[in-house]
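Me: I've got a model open and would like to know what backs up the labels people put on it. Can we go through them one by one?

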Amino acid sequence: TGKTSLAYAAGEYFGNPATIVPVQPMWKERSDIVGYFNEFTKRFNETTLLCKMYEAGGKQDVYITVLDEVNISRIEYYFAEFLSLLELPDPKKRELDIVSDSWETDPVRLRNGKLLLPENMWFIGTANNDDSTFSISDKVYDRAAVIDLDRKSAPFAAKDTPAAHISFEELNRHFEFAKRRYSISERNRANLTHLDGYLTEVFRVSFGNRIMRQIESYVPIMFACGGTEMDALDDILARKILRKLEQQSPALIKSETPGLMALLDELFGEGKLPQCRDYLTRLMKNV
């Protein structure tokens, strides 16, 4: 379906080609993705990703890393430290352990065996759902923005678009401006709180502070890009929150989903959340 090509095109657009990292089935730990110190040769065998991380730390360009076939091995194992570090609110504390010791000959940005994860590097994972792959845990989905490519669309011709070289700092300023200008309406904040309470009571599923922060960041930026507040809420509710219902029992889904669909219409307006309705309809058919 062109998942890798789409991610690579994002790097081309920013004028800085993406780094493609083909995930291997035997990967189990951090060293598989960044490299390891060879005790025999006394040299560190670094990966392309580690080199790009080091390079990104000294520049302001946007760097994109594509973990291709991310679930052909268990991402919760080999990418575990990245997942934990990216959650830290202070970017200056996101230090990844590379080696257990430090030498005078270490590169400048490698301090006490640790390398700071660059803020200007984004990680994109492509995944398939078939017999050759592992399921992706809720922990990973909670920390990611998900795009499902599960339908075939009509072909269309796209115009050539020149690259837009923009620094991470400038791009971040646009993000912050959008958050200040297009905050979520108080009415929809109240609706989200009501929905959270309903999902907790009926399905034992809750947003959590992490996802609420993501909603508060995502909605204003989509609004600033030409979408609407309701479009953004529909998108993120379907992909981030309703997805959690897949873990529930088929009996519970069949009995309680109609009530959830009615609540969504009541809170946000009938027909205002088409992605959510479509997702719930398919969920009931598949159980």
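**Cavities and a sheet**

Reply: Sure. In the second largest cavity, α6 gives the largest share of the lining, three residues. Keep in mind that this is a predicted model.

Me: What makes a residue part of the lining of the second largest cavity, and which residues are they?

Reply: A lining residue needs an atom within 4 Å of a cavity point. Asp138, Tyr141, Asp142, Arg239, Lys240, Arg243 and Lys244 line this one. Two elements, α6 (138-142) and α10 (229-241), give two or more residues each.

Me: How do you know how many of those count as charged?

Reply: Asp, Lys and Arg are counted as charged and Tyr as nonpolar, so the lining comes out as six charged, one nonpolar and no polar residues.

Me: What makes the second largest cavity count at all?

Reply: The cut-off is 30 Å³ or more, and two cavities are counted by that rule. The second largest holds about 30 Å³ of space, while the largest has a volume of about 50 Å³.

Me: Which residues line the largest cavity, and what classes do they fall into?

Reply: Met261, Leu264, Asp265, Gly271, Lys272, Leu273, Cys276 and Arg277 line it. By class there are four nonpolar, one polar and three charged. Gly is counted as polar, so Gly271 is the polar one here.

Me: Where does that lining come from?

Reply: Both α11 (250-268) and α12 (274-286) supply at least two residues. The largest share, three residues, belongs to α11.

Me: On to the sheet. How do you know that β1 and β4 are paired?

Reply: Pairing takes at least two bridges between the strands. Four bridges join β1 to β4 (residues 63-68), and the two run parallel, so they pass. One example is isoleucine 20, whose bridge partner in β4 is valine 66.

Me: What is the strand order of this sheet, and why are β1 and β8 called edge strands?

Reply: The order is β1-β4-β8, in an open sheet of three strands with parallel pairing. β1 (19-22) and β8 (121-125) each have a single partner strand, so one side of each has no neighbour in the sheet. On average, neighbouring strands are turned by 20° against each other, direction ignored.

Me: What makes you say that α1 packs on this sheet?

Reply: Contact means heavy atoms within 4.5 Å. Helix α1 (residues 3-13) touches β1, β4 and β8, and its direction makes about 170° with that of β4.

Conventions. Residues numbered from 1 in each chain as written. Predicted model: local features only at pLDDT ≥ 70, side-chain atom pairs only at ≥ 80, totals over all residues. Heavy atoms only, no water. Axes fitted to C-alpha atoms, helices over the stretch in contact; angles between N-to-C directions. 1 Å grid on protein atoms, 1.4 Å probe; cavity = no way out; pocket = protein on both sides within 12 Å on 5 of 7 lines; lining within 4 Å. Points joined across faces, edges and corners; volume = space filled by probe spheres on them.
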